[in-house]
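Subject: Structure for your review

Dear colleague,

Please find below the structure I am handing over to you. My notes on what was found in it follow directly after.

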Amino acid sequence: MRIIGINSFMNQTLLLLFLLFSLQLSAQIAGKVTNGSGEPLPYVNIYLEGTYTGTTSNEDGNYELSVTEEGNYTVVFQFLGFTKVIKEISVDSFPYILNITLKEQTTSLDEVVINTSEDPAYRIIRNTIAQRKANLDRISEFKADFYSRGLWRVDSIPEKFMGQDVGDFDGQLDSTRTGIVYLSETISKIAFRQPDDFKETIIASKVSGNDNGFSFNSAMDAEYSFYENTADLNAAIVSPIANNALSYYRYKLDGVFYEGNKLVNKIIVTPRRPKDRVWTGIIYIVEDDWELYGLDLTTNGQAIQIPFVKELVFKQNFSFDPKNKFWVKRSQTIDFGFGFFGFNGDGRFIAVYSNYDFTPQFKERSFTNEVLSFEPEANKKDSLFWKGIRPVPLTDEELNDYIKKDSIQQLRKSKPYLDSLDQKNNRFGALDILFGYTYRNSFKKWDISYQGPLPGVNFNTVQGWNGGVGLTYFKAFDENRTRWLSLFSRIRYGISDDRVRPAGGATFNFNRTNRLQLGVYGGNEVVQFNRSQPISPLINTISSLFFERNYMKVYEVNYANVRWSQELFNGLRMSATTGYEQRKPLFNTTDYVTIPNDKVDYTLNNPRQPINEVLQPDIITHDIIKSSITADISFGQKYYSYPDGKFNIGNGKYPSLRIIFENGAGASIDDYNFSQLRAQLYQRINTGNKGEFIYRLKGGTFFNGDDISFADYQHFNGNQTRVGTSFNYTNVFNLLPYYDLSTNQSYFEGHIEHDFRGWILGKIPGINALNFNLVAGAHMLSIDGNKPYTEFSLGIDNLGWGKFRFLRLDYVRSNYNGVGDGALIFGLKFLNLLD
């Protein structure tokens with residue numbers, strides 16, 4: 001108790017000295033903003049009248065407004081729901097203390113002409129909608145200074161999750177397993193041009209407890225304009241002033257007030273259908289200007305279809321720009337709460353905009369695909385720099401977090417500390433022999449993991465019950481793990497075929513910029529004829545043991561190959577693989593079944609003749625040198641440039657293209673030499689509040705492929721189990737037998753799917769409360785010399801209960817050679833996470 005008391009006293013003393021010292025080193029107007037009851041008001045806009053020089057109060061109501069020299073200033077305090085205060089002050093020394101009390105805004109309907117047939121809010125909303133496009137055009141291009149702060153807290157999280165130790169998040173949790181797990185700030189310069197050109201240069205980045213870290217805060221991710229029809233938050237949430245907003249919302253004028261000579265309308269926004277993709281809350285609109293003065297809007301995880309999110313609260317504040325004659329956004333806060341499997345917490349993201357330039361004179365090369373970059377030494381700014389430039393003061397909680405974690409980060413990197421942490425985490429548990437175990441040396445940045453047999457146990461009619469164990473070694477060569485080496489080895493054993501099959505390999509990653517990787521691999525494995533594994537071992541196990549349907553068809557391969565991959569330039573990643581393969585046929589070795597079915601028998605391990613009574617293989621033992629070259633092209637790919645790496649974020653406007661050239665040479669059977677060229681085009685298109693449209697197009701052709709091995713045919717992802725496991729069905733034919741249409745001829749494959757995300761079902765009373773999504777799809781396969789195979793599907797996604805929404809149900813109708821078929825497909829999307 002004595003030691004704890006001394007530590008607490010020392011922390012408080014350091015905190016006090018830090019505050020006093022910092023105030024003496026900067027020219028600041030500082031103070032606290034409270035309401036009439038003396039309670040602190042967070043995120044009040046405070047700025048010098050007629051300028052972009054401003055700040056925001058923190059959660060404790062404290063603020064610091066940096067000024068350059070002594071003199072006379074007019075300071076404005078503006079906060080939604082409170083009367084704006086304008087203070088004229090004369091500053092003759094620093095710090096200048098200015099505490100302010102704001103009174104709640106008194107709104108009135110006295111000046112409003114009431115129409116008994118319609119609330120006057122509808123007139124205001126219609127005028128604002130009519131002005132929406134013009135308001136967007138006013139901010140069609142600009143430069144600005146940007147400040148961000150992101151914070152995540154967790155509360156009483158469990159010590160174990162699914163039997164595994166959760167840990168203390170690298171020392172960030174206290175004895176109650178509560179604490180800040182992420183705190184970070186950035187100062188940056190941003191530039192924007194409609195429709196989607198964006199550039200952010202981060203000049204300062206700070207991460208609590210990591211003086212070498214770089215913030216993941218991004219201005220582009222924080223940019224939400226309610227003048228747009230929708231806000232993309234996983235689902236498209238309709239703005240209260242969207243073109244079609246009157247179909248989604250009800251409005252009530254709660255009152256009006258004046259800011260100067262401007263009349264501001266306070267409007268309560270409520271959804272017409274509570275389960276829609278909508279907001280609820282308050283918006284403030286300036287009369288005659290028909291522009292936003294501010295907003296306080298809330299949505300939830302059900303609306304955005306992220307079940308573990310409890311609530312999302314958006315607040316935006318605007319002020320009038322006398323130079324440009326319109327209202328500009330000064331600050332934005334996003335508050336959120338989350339909870340899942342005992343992990344509960346909340347967080348906040350603060351954004352402050354200043355020094356706008358709405359006539360930036362952009363040049364042709366002002367924007368590139370690089371949307372974020374860091375200035376040199378951006379993460380090396382000291383506390384004095386941050387004290388002088390930070391527009392929103394730290395709260396006591398945040399300041400304590402910085403002091404605590406920054407003071408002990410060197411300790412946490414030391415060998416004695418890391419060894420003591422490893423000693424605790426490296427303890428071997430009773431069940432680790434079955435499920436797996438990891439031994440870690442954190443100081444030397446390596447670990448060895450043992451993969452236990454139990455998670456990988458499955459059944460097939462070739463091997464019977466089979467499983468295996470493995471070892472993985474990982475070694476990082478720098479603090480941020482940009483260069484690393486990974487070695488693995490595994491052994492699998494089948495009880496029925498009594499075979500041990502070893503495999504192993506090594507991968508070296510050179511950097512995190514172009515992600516150059518070299519690898520070498522080899523071993524003996526049982527593989528499916530379709531290397532895409534259309535049926536998972538788990539599904540095949542259930543299908544075989546309980547329904548006597550052994551759909552998985554396999555062969556044996558002994559292999560040794562090398563692999564190279566690298567991003568040659570932005571948007572083009574190349575990879576190449578070459579190696580030796582020996583293929584051998586395999587046969588059923590067991591007829592074991594848990595629930596016998598007299599009407600059904602296991603089929604042969606022959607994908608083309610599974611019911612042929614003559615035992616013959618569909619593959620002849622042979623050797624071949626197999627090579628492939630792959631080009632992955634992401635058109636218009638956007639990316640973030642971090643000092644230690646490059647992170648690609650894609651570009652939703654364009655599809656991605658994959659081109660593969662595959663070659664088999666030196667085969668022990670001459671007719672088995674071949675080449676194949678194939679390509680795939682894939683894109684997900686956000687259609688706003690109407691959901692998401694996905695398409696995937698594939699095609700290919702063979703050269704010298706007339707008599708090749710069936711293992712090298714082009715196989716298509718069929719499904720005979722009536723169980724779907726993927727998150728969408730744009731890479732599978734749900735009623736196509738796995739190998740019926742495998743080909744060595746030219747082919748074309750097309751899939752489209754539209755997830756309406758509540759656009760249709762969300763409008764049906766009663767059904768909309770269930771938060772289901774209507775999904776429609778179409779699929780076609782065309783092979784040279786064959787009639788096309790087609791499928792059409794209609795289904796319901798986002799099925800489940802509470803926060804568990806991993807189910808889907810579709811009715812699929814197929815047609816081939818004039819024969820139709822139909823079936824229900826039960827989607828178990830959580831199995832995709834387990835494979």
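I begin with the aromatic residues, where a cluster held by ring pairs brings together Phe142, Phe146, Phe192, Phe198, Phe326, Tyr353, Tyr356 and Phe358. Please bear in mind throughout that this is a predicted model.

Over the whole structure, the search finds 53 aromatic pairs. One of them is formed by Tyr224 and Phe314, whose rings meet edge-to-face, with 5.2 Å from centre to centre and 85 degrees between the planes. Tyr224 belongs to the loop between helix 3 (219-222) and strand 14 (230-233), whereas Phe314 belongs to strand 20 (residues 309-321), so this pair ties together parts of the chain that are 90 residues apart in sequence. As to exposure, Tyr224 is buried, because its relative accessible area is 16% and the cut-off for a buried residue is under 20%. Phe314 is likewise counted as buried, at 1% relative accessibility.

A further edge-to-face pair consists of Tyr293 and Trp327, at 5.6 Å centre to centre and with 65 degrees between the planes. Here too distant parts of the chain are linked: Tyr293 sits in strand 19 (residues 291-299) and Trp327 in strand 21 (residues 326-340), 34 residues apart. Tyr293 is buried, with a relative accessible area of 1%, and Trp327 is buried as well, with a value of 3%.

Two lysines are also placed over aromatic rings. Lys262 lies over the face of Phe320, 5.2 Å from the ring centre. Lys381 lies over the face of Phe385, and in that case the distance to the ring centre is 5.4 Å.

I turn next to the nonpolar cores. In soluble globular proteins, nonpolar side chains tend to be buried together. The largest nonpolar core in this model has 68 residues, and those with the most contacts inside it are Tyr249, Tyr251, Ile267, Trp279, Ile283 and Ile285. Another core lies apart from it; this one has 40 residues, among them Val527, Tyr555, Val557 and Tyr672.

Which residues does Ile267 touch, not counting those up to four places away in sequence? They are Ala121, Ile124, Ile125, Tyr251, Lys252, Leu253, Asp254, Gly281, Ile282, Ile283 and Ile285.

The strands are the next topic. Strands of a sheet pair through backbone hydrogen bonds, either parallel or antiparallel. An open sheet of 4 strands follows the order 3-2-5-6, and its pairing is antiparallel. Strand 3 (54-56) and strand 6 (85-91) stand at the edges with a single partner strand each, so one side of each has no neighbour in the sheet. From one strand to the next, the twist averages 20 degrees. Within this sheet, strand 2 (residues 45-48) and strand 5 (residues 71-78) run antiparallel and are joined by 4 bridges. Leu48 has Val75, in strand 5, as its bridge partner.

Further along the chain, strand 27 (residues 464-476) is joined to strand 28 (residues 484-494) by 11 bridges, and the two run antiparallel. Gly470 has its bridge partner in strand 28, namely Arg490. Strand 28 is also joined to strand 29 (residues 499-509), again antiparallel and with 11 bridges. There, Trp484 is partnered with Asn509 of strand 29. The hairpin of strand 28 and strand 29 has 4 residues between the strands, and in it Asp498 takes a positive phi near 55 degrees.

Finally, I would draw your attention to two individual residues. Ser543 is located in helix 9 (residues 537-547) and counts as buried, at 7% relative accessibility. Leaving aside its neighbours within four places in sequence, Ser543 is in contact with Glu548, Arg549 and Tyr551.

Tyr682 is located in strand 37 (residues 674-686). Is Tyr682 buried or exposed? At 17% relative accessibility, Tyr682 counts as buried. Residues up to four places away in sequence aside, Tyr682 touches Pro655, Ser656, Ile694, Tyr695, Arg696, Asn728 and Thr730. Of these contacts, Ile694 is 12 residues from Tyr682 in sequence, and the two are 7.6 Å apart in space, C-alpha to C-alpha.

With kind regards

Methods: Residues numbered from 1 in each chain as written. Predicted model: local features only at pLDDT ≥ 70, side-chain atom pairs only at ≥ 80, totals over all residues. Heavy atoms only, no water. Core = buried A, V, L, I, M, F, W, Y, C linked by side-chain atoms within 4.5 Å. Buried < 20%, exposed > 50% of the residue type's maximum accessible area, 1.4 Å probe, protein only. Contact = heavy atoms within 4.5 Å. Pairing = 2+ DSSP bridges. Axes fitted to C-alpha atoms, helices over the stretch in contact; angles between N-to-C directions. Phe/Tyr/Trp six-rings, centres within 6.5 Å; stacked < 30°, edge-to-face > 60°. Lys NZ or Arg CZ within 6 Å of the ring centre and 35° of its normal.
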